[in-house]
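User: I'd like to learn how to read an interface between two chains. Can you walk me through one?

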There are 2 protein chains.
Amino acid sequence: MPESGSTIIGLNAVIVAVRDLSPRVLVVRRASHALATPAQRGEPAAAGESPDALPFGPFGPERHRTLELGLRDWVGRLTGLNLGYVEQLYTFGDRFRDPRELEGGPRVVSVGYIALVREAPLSGSGEAYWRDWYDFLPWEDWRNGRPPVIDTLRDGLQQWIERANDPDTRQARRDRVAMTFSQEDATWDVERVLERHELLYEAGLVAEAQRDRRAWTAQTGSGGVLPPWMEAPLDESWRPPGGAMALDHRRILATAMSRLRGKLKYRPVIFELLPREFTLLRLQQVAEALSGVPLHKQNFRRLVTQARLVEPTGRFDSQTGGRPAELFQFRREVLRERPAPGVGIPALRLVH
Amino acid sequence: MPESGSTIIGLNAVIVAVRDLSPRVLVVRRASHALATPAQRGEPAAAGESPDALPFGPFGPERHRTLELGLRDWVGRLTGLNLGYVEQLYTFGDRFRDPRELEGGPRVVSVGYIALVREAPLSGSGEAYWRDWYDFLPWEDWRNGRPPVIDTLRDGLQQWIERANDPDTRQARRDRVAMTFSQEDATWDVERVLERHELLYEAGLVAEAQRDRRAWTAQTGSGGVLPPWMEAPLDESWRPPGGAMALDHRRILATAMSRLRGKLKYRPVIFELLPREFTLLRLQQVAEALSGVPLHKQNFRRLVTQARLVEPTGRFDSQTGGRPAELFQFRREVLRERPAPGVGIPALRLVH
DNA sequence: GACCGATATGCTCAGGCTGAGCATTACGAA
DNA sequence: TTCGTAATGCTCAGCCTGAGCATATCGGTC
């Protein structure tokens with residue numbers, strides 16, 4: 001098998017903004033790799049087009065003192081954005097995460113970052129653009145109740161469970177499905193985005209699983225042994241939900257969503273996405289956009305005001321269609337006072 | 001300045017076990033690097049000895065399908081341990097994190113992992129041994145009330161605040177100290193281990209800050225400009241608390257402690273450190289050892305039993321010195337039932 | 001054989017927070 | 001003036017948490 005043995009380090013950025021009710025992520029078009037058969041039969045990109053990719057930049061050890069500074073540098077050049085809040089997510093280094101490895105390309109280890117910005121016009125050299133992150137992970141949006149795609153997924157997962165011959169494997173699969181796609185909607189855990197995506201990948205239900213499987217068999221021949229994480233044969237009638245992304249970028253996006261949803265609860269990161277002054281409704285909308293569940297309005301207000309997370313400015317916004325809403329701003333002092341300030345400290349639950 | 005421009009990837013492991021009341025981490029002796037002046041005037045290692053280091057292994061892309069499998073492989077060879085729970089922590093890539101870079105050595109980017117094991121005799125090729133993690137971060141152990149070293153640290157931090165000439169900088173420093181080393185003990189946030197360590201490093205209060213500063217000036221000459229994160233001049237009478245570690249390994253340990261303390265609350269990882277059957281007191285002791293705070297006994301029991309995290313086995317342990325304690329075991333089914341099972345879901349607070 | 005020290009285990013109660021709904025206020029438009 | 005639409009205010013039951021008091025059951029001692 002061709003394998004050069006070399007390794008290179010790169011950086012991927014999940015840059016998040018919220019526009020209106022839509023959480024957006026910055027993507028670039030990536031020329032489809034020869035082996036990466038464009039399998040996205042789903043909604044967003046027409047068949048044959050290149051899938052969206054997260055911005056990627058190489059890490060230049062001679063130029064950058066830290067990984068994060070390296071990231072800020074090339075993101076700035078690509079998009080003109082000056083990143084505010086930046087946090088390292090995870091380092092992705094699985095073999096064949098870039099299919100060019102199959103042809104002897106180097107192992108690409110990529111350090112993923114999440115960055116939060118207030119949406120601004122893009123300049124810079126790249127052809128980056130914003131896209132709703134639920135285009136890629138539609139089953140994560142429960143703001144208007146249970147998303148219909150969930151039923152499809154549960155069907156696919158049920159098939160995956162039944163495909164296992166061994167009863168123990170079947171039980172293990174059943175448990176995993178129950179844990180991540182809990183049967184009763186009330187216990188939907190908004191933070192398990194990554195676990196759900198990994199389960200769908202292993203079950204062969206997302207387009208990338210098909211793509212990687214084809215790339216693998218094309219390279220090793222159909223007689224070759226598939227790695228265990230690609231064992232599941234695909235039902236040919238299956239239409240993979242959600243927009244596919246290049247390489248393992250949908251997994252990186254899922255990691256970012258998990259992390260951000262978790263962080264919301266105990267750190268005031270949400271204000272990185274808002275202008276200095278905002279109404280409480282706007283704050284709630286952004287919290288809902290990110291967490292993907294509707295929140296109880298009065299309780300949400302009570303939460304953020306009683307936690308003294310925000311303070312009134314005395315100014316008002318009259319463009320509401322009803323009674324004017326007071327404008328609030330983030331109270332920085334809260335950082336000194338409370339150990340873990342965040343929105344939805346408990347409220348990130350479905351409203352019934 | 002010598003700088004080769006090359007980069008290599010390695011793996012660091014923070015392997016944690018709990019023995020009696022002591023949370024332990026696996027370390028190896030590392031030959032002190034020429035530039036890394038042995039500055040540990042603190043308690044544990046005699047001056048001149050090499051500091052402890054976390055186990056480190058190179059990543060071999062040709063051999064290992066994933067980073068984690070690579071880690072399991074060399075840890076197994078080094079220690080004979082078969083790692084159970086393993087989780088990626090963070091990727092460390094700051095310039096000069098390995099002082100050999102100052103002499104033209106390569107940039108070493110290290111992916112840190114935390115692993116939980118039940119303590120077992122060490123075999124394998126290495127001279128690894130267990131050490132109490134509070135030897136390295138003594139200010140994190142509040143199980144017997146406020147640790148005395150806290151007063152020393154607050155003194156040092158006060159000096160650091162006052163050393164700033166600019167009033168804004170002074171206020172920023174004051175805020176940061178208040179946030180991490182909260183003045184009232186009641187609001188001590190056990191999860192901010194990393195933030196506290198980074199603050200102490202920047203304030204020049206831990207031995208590694210001295211060491212790195214000396215290495216830097218030795219290389220660039222005393223006239224050279226120090227990087228901003230090393231600006232603070234050191235008070236010569238200062239005795240840095242806690243045992244120093246090689247390179248940035250104390251920072252990696254702090255990252256692991258932060259992550260583990262946070263995770264305890266919402267994932268049942270604690271059972272990775274316990275035998276299959278245990279008393280509730282033992283469970284509490286391990287939770288206290290990791291979180292570094294005493295817990296209210298009756299409430300702790302109520303928490304874990306009412307959350308149905310454990311189930312009684314009907315067997316008893318009579319070695320308690322008092323009434324025999326019933327043995328319990330982890331209830332795996334809880335994973336399916338509750339979205340975020342963990343011990344101390346709310347109880348990780350000081351008992352008054 | 002009763003007593004004591006030590007620990008496990010059981011129970012209660014006040015206070016705070018959460019989920020949920022009802023009520024009132026204040027704008028623009030008809 | 002009325003109506004539609006939001007913003008904002010208020011209440012209340014239920015649950016969870018912090019804290020303490022009470023009881024059970026061992027080994028060892030007198």
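**Reading the interface**

Analyst: Sure. Bear in mind that this is a predicted model. Let's start with charge pairs: the rule finds 4 salt bridges across the interface of chain B and chain A.

User: Which residue of chain B forms a salt bridge with Arg267(A)?

Analyst: That's Glu195(B), with the closest N and O atoms 3.5 Å apart. A salt bridge here needs a Lys or Arg side-chain nitrogen within 4 Å of a carboxyl oxygen of Asp or Glu, so this pair makes the cut at 3.5 Å.

User: And how many residue pairs are in polar contact between the two chains?

Analyst: The count is 14, taking pairs with both residues at pLDDT 80 or more.

User: Which elements of chain B supply at least two residues each to the side that touches chain A?

Analyst: On the strand side, S1 (7-19), S5 (85-92) and S6 (107-116) of chain B do, and so do helices H3 (167-180) and H9 (334-337). By class, that side of chain B has 14 charged, 14 nonpolar and 10 polar residues.

User: What area do chain B and chain A bury between them?

Analyst: About 3200 Å², with 52% of it on carbon and sulfur atoms. In residue terms, 38 of chain B are in contact with 37 of chain A.

User: How is chain B laid on chain A?

Analyst: By a turn of 180 degrees and a shift of 0.0 Å along the axis, giving an RMSD of 0.0 Å. The two copies are therefore related as by a two-fold rotation axis. The same surface serves both copies, too: 97% of chain B's contact residues recur in chain A.

Technical notes
Residues are numbered from 1 along each chain as its sequence is written. Chains are lettered from A and ligands numbered from 1 in the order in which they are written. This is a predicted model: local features need pLDDT of at least 70, side-chain atom pairs count only at pLDDT 80 or more; totals for chains, interfaces and linings use all residues. Side-chain values use heavy atoms; hydrogens and water are left out. Copies are superposed by least squares on the C-alpha atoms of residues with pLDDT of at least 70 in both. Contact means heavy atoms within 4.5 Å. Buried area is the accessible area (1.4 Å probe) that two parts lose on being put together, summed over both. A polar contact is a pair of N or O atoms within 3.5 Å; within protein, one must be able to donate a hydrogen and the other to accept it, and residues adjacent in sequence count only if both atoms are side-chain atoms. Helices (H or I, at least four residues) and strands (E, at least two) are DSSP runs, numbered from the N terminus. Ala, Val, Leu, Ile, Met, Phe, Trp, Tyr, Cys and Pro count as nonpolar, Asp, Glu, Lys and Arg as charged, and the others, Gly among them, as polar.
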